[in-house]
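Subject: Handing over a structure, with notes

Dear colleague,

I am passing on the structure below, and after it I set out what turned up when I went through it. Please read the notes with the coordinates open beside them.

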Amino acid sequence: MLSVRLYFLQRITALLMVPLVLGHLAVIVYAVQGGLSAAEILGRTRESALWFMFYGIFVVAVSVHAAIGVRAVVHEWVGLKGAALEVVMWITGLGLFALGARAVWAVTFA
């Protein structure tokens, strides 16, 4: 039953990430074509609740999605099972979340 829930959770996060990835790519194209400097980009993202929410949701979705994917790969390739497999998944997810959350915080509030 757990694997079915994880399967659906990974698919839901994938659906959530599609518009976020497209939005992120659009922002990159806009910034590059507009010739914006890093300082100008940071000036636009500072103290912006919209950017904080956009990239915050992105970080959560990616962290969950990737952790479940790593769990599946480690199970198939290494043969890890049980509690050890769950630990790998949680460490991956929490590690990605911590790195992403730090980056989002730095870009919007630091």
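I begin with E47, which is exposed, having a relative accessible area of 69%. Please bear in mind throughout that this is a predicted model. E47 sits in the loop between α2 (38-45) and α3, and, when residues up to four places away in sequence are not counted, E47 touches T108 and F109. As a gauge of distance across the model, E47 and W90 lie 30 Å apart in space, C-alpha to C-alpha, with their positions 43 residues apart in sequence.

For the chain as a whole, there are 4 helices and 0 strands, and from the N terminus on the elements run α-α-α-α. The radius of gyration is 17 Å, well over the 13 Å that the globule rule gives for 110 residues, so the chain is more spread out than a compact globule. In keeping with this topic, the C-alpha atoms fill a box of roughly 50 × 25 × 25 Å when it is taken along the principal axes. Of the 110 residues, 23% count as buried, and the accessible surface comes to about 7,500 Å², with 76% of it belonging to carbon and sulfur atoms. Among contacts between residues at least 6 apart in sequence, 76% join residues that are at least 24 apart. As for charge, the chain carries 7 positive and 4 negative side chains, and the centres of the two sets are 7 Å apart.

The aromatic rings deserve a paragraph of their own. A pair of aromatic rings is described by the distance of the centres and the angle of the planes. A search of the whole structure finds 9 aromatic pairs. One of them joins W51 and F54, whose rings are edge-to-face, at 6.0 Å centre to centre and with 85 degrees between the planes. These two residues are 3 residues apart in helix α3 (residues 49-78), so about one helical turn separates W51 from F54. Y55 and F58 form another pair, and here the ring centres are 6.2 Å apart and the planes are at 20 degrees; because planes under 30 degrees apart count as stacked, this pair is stacked. Y55 and F58 also both lie in helix α3, 3 residues apart, which is about one turn of the helix. Taken together, ring pairs link W51, F54, Y55 and F58 into a cluster.

How buried or exposed are the members of that cluster? W51 is partly exposed, with a relative accessible area of 23%, whereas F58 counts as buried because its relative accessibility is 12%, and the cut-off for buried is under 20%. From helix α1 (residues 2-33), V27 is in contact with W51 and Y55, leaving aside neighbours within four places in sequence. V27 is itself partly exposed, at a relative accessible area of 31%.

The last residue I would point out is R71, which lies in helix α3. Is R71 buried or exposed? At 16% relative accessibility, R71 counts as buried. Not counting residues up to four places away in sequence, R71 touches L2, L6, L85, E86 and M89.

With best regards

Note on methods: Residues numbered from 1 in each chain as written. Predicted model: local features only at pLDDT ≥ 70, side-chain atom pairs only at ≥ 80, totals over all residues. Heavy atoms only, no water. Phe/Tyr/Trp six-rings, centres within 6.5 Å; stacked < 30°, edge-to-face > 60°. Buried < 20%, exposed > 50% of the residue type's maximum accessible area, 1.4 Å probe, protein only. Rg over C-alpha atoms; globule rule 2.2 N^0.38 Å. Contact = heavy atoms within 4.5 Å. Areas by Shrake-Rupley, 256 points an atom, 1.4 Å probe, with all protein chains shown as cover. Lys, Arg positive; Asp, Glu negative; His and termini not counted. Charge placed at Lys NZ, Arg CZ, Asp CG, Glu CD.
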